[in-house]
2 protein chains.
Amino acid sequence: MTAARLAIMQTVSDGDHLDVEAIHRGVCERVGQVSLQAVYDSLNALQRGGLLRRIEPPGSPTRYETRVGDNHHHLVCRHCGKITDVDCAVGHAPCLDPVSDAGYLVDEADVIYWGLCPPCRAETGAVHL
Amino acid sequence: MTAARLAIMQTVSDGDHLDVEAIHRGVCERVGQVSLQAVYDSLNALQRGGLLRRIEPPGSPTRYETRVGDNHHHLVCRHCGKITDVDCAVGHAPCLDPVSDAGYLVDEADVIYWGLCPPCRAETGAVHL
DNA sequence: CAGCAAACTTGAATGACTCAAGTAAAGGAA
DNA sequence: TTCCTTTACTTGAGTCATTCAAGTTTGCTG
C-alpha cells in the first residue's frame, strides 16, 4: 500500500461516488502528480481486493465508493446524476433471491433505482413522472 | 416503419438479448446491406417509442429485447455472459420501493442478478461461489 | 546487495457509441 | 401533379472511458 493508493482511498472516502477523473484530481491534490493510468490500475486492484466498490450506472462513467460488503443499492437522479445509497430492500445478505433463479447460482444483485432527487424534484415541480 | 426497422424488430424478437452488432448482422441477412448507424438510430427510436427495451450490463455492450412494459429483471452469467429473463421479485409494478427512498421520486428499478448459468455451473463444478 | 515483483510512467490503441453533413425516399398541402 | 417538409439512411469523422504495451522505478526477500 503506497502513498498514492492511500490517497485514493481517502479521496474516495471523502467524496461521494466519484468518477475516475474526480478521484485522479483528488489524489493529485493530496500527493502531487500521479498518472491517470496509475489511478485506474490502483482502483482496479483495490476493487479486486474488496476495499472499494465499483458502481456502473448506464450512461455515466464508472464510480467508486468505500462502502463495501453490505450489498446496498443506489438511487440515481435522472436529472442531475446524483447517487445516493439505499439499504437493501430484502433480507440481509440480500436481494439474492429472484422469484425463479432459472437454475442460476446467484451471488450478487445489482440494483439501481432511477428517479429524481429532492432538489431536482422541487426544481421541475414533478409529482409524477 | 420501414423494412429495415421491421427487420430489426424481427431480429431482436427471434434473438436472445442481442447486442447491436448481432442485430446488425441479422438485419443485413433479412433485407440486405444496412449501415450500422442506421441500426443504432433505429434502435434508439424504437426504444424511445417503447417498442424495445435496452439492457446495459456493466462490462458488456448494450443489448435489446422485445419484452417491454413489465419491468422484469435479468440473470447474467459471469462465465459465458448469457442473459435470462426473470420476473420481478416484489409486487406488481414492482421493485419500485427501496426501503427508504431518500425523498427521491422513483420510477424505475434496474436489477441485474449476477451468477452462473446451469451449463457453466456444471462445467466449473461450482456449488458455492 | 542482487533479484524480483509490484507500482508507476508515457504513449498508443481499442471498442462502443455519437455527431455531422449530405442524399434519398415518403407523406401532405397547394 | 408538383412542391415542400420530414423521416430514414449513408458515409465518415470524432469522442470518451478505458485498456494494452513497454519500459522505468521502487521496495521488499532471500
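Helices, meaning H or I runs of at least four residues, and strands, meaning E runs of at least two, are DSSP runs here, numbered from the N terminus. That gives us the vocabulary for today.

Okay, housekeeping. This is a predicted model, so local features need pLDDT of at least 70, side-chain atom pairs count only at pLDDT 80 or more, and totals for chains, interfaces and linings use all residues. Residues are numbered from 1 along each chain as its sequence is written, chains are lettered from A and ligands numbered from 1 in the order in which they are written, and side-chain values use heavy atoms, with hydrogens and water left out.

Let's start with chain A. It has four helices and six strands, and along the sequence they run α-β-α-α-β-β-β-β-β-α. Of its 129 residues, 41% are buried. By buried I mean under 20% relative accessible area; exposed is over 50%, and partly exposed is in between, with a 1.4 Å probe and protein chains only. On to contacts, meaning heavy atoms within 4.5 Å. Taking the contacts in chain A with a separation of 6 or more, 45% are between residues 24 or more positions apart.

How is chain A split into domains? The assignment gives domain 1 as 3–65 and domain 2 as 73–124; bounds like these come from an automatic or database domain assignment. Where the two touch, domain 1 of chain A puts in nine residues and domain 2 of chain A puts in eight. Their centres, taken over C-alpha atoms, are 22 Å apart.

Now look at Asn71(A). You'll find this residue in the loop between strand S3 (63–65) and strand S4 (73–77) of chain A. Its phi is near 50°, a positive value in a residue that isn't glycine. Asn71(A) counts as buried because its relative accessible area is 15%.

Chain B has one to show you as well. His17(B) isn't a glycine either, and its phi is positive, about 55°. This histidine sits in the loop between H1 and strand S1 (18–19) of chain B. Is His17(B) buried or exposed? At 5% relative accessibility, it counts as buried.

Right, the DNA. A residue is near a strand if one of its heavy atoms lies within 4 Å of it. Around DNA strand C there are 15 residues, and the ones that come nearest are Thr2(A), Ala4(A), Ser35(A), Ala38(A) and Thr62(B). Of the atoms of DNA strand C within 4 Å of the protein, 74% belong to sugar and phosphate. Which elements supply at least two residues each to that surface? Helix H1 (3–14) and helix H3 (36–48) of chain A do, along with helix H3 (36–48) of chain B.

By class, the surface near DNA strand C has six nonpolar, eight polar and one charged residues. For the classes, Ala, Val, Leu, Ile, Met, Phe, Trp, Tyr, Cys and Pro count as nonpolar, Asp, Glu, Lys and Arg as charged, and the others, Gly among them, as polar.

Some individual distances to phosphate oxygens of DNA strand C. A polar side-chain atom of Ser35(A) is 2.5 Å from one. For Arg5(A), a side-chain N or O atom is 3.1 Å from one, and for Tyr40(B) the distance from a polar side-chain atom is 3.2 Å.

Over to DNA strand D. This strand is surrounded by 14 residues, the closest being Thr62(A), Thr2(B), Ala4(B), Ser35(B) and Ala38(B). Here sugar and phosphate make up 71% of the strand's atoms within 4 Å of the protein. H3 of chain A, helix H1 (3–14) of chain B and H3 of chain B each give at least two residues to this surface. The class split is five nonpolar, eight polar and one charged.

For phosphate oxygens of DNA strand D, Ser35(B) has a polar side-chain atom at 2.5 Å. A side-chain N or O atom of Tyr40(A) comes in at 3.0 Å, and one of Ser42(B) at 3.3 Å.

Last topic, cysteines. How many disulfides does the structure hold? Zero over all chains, where a disulfide is a pair of cysteine sulfur atoms within 2.5 Å. Cys120(A), for one, is in no disulfide, and its nearest cysteine sulfur, from Cys117(A), is 3.6 Å away. Cys120(A) is also buried, at 5% relative accessibility.

Notes. A polar contact is a pair of N or O atoms within 3.5 Å; within protein, one must be able to donate a hydrogen and the other to accept it, and residues adjacent in sequence count only if both atoms are side-chain atoms.
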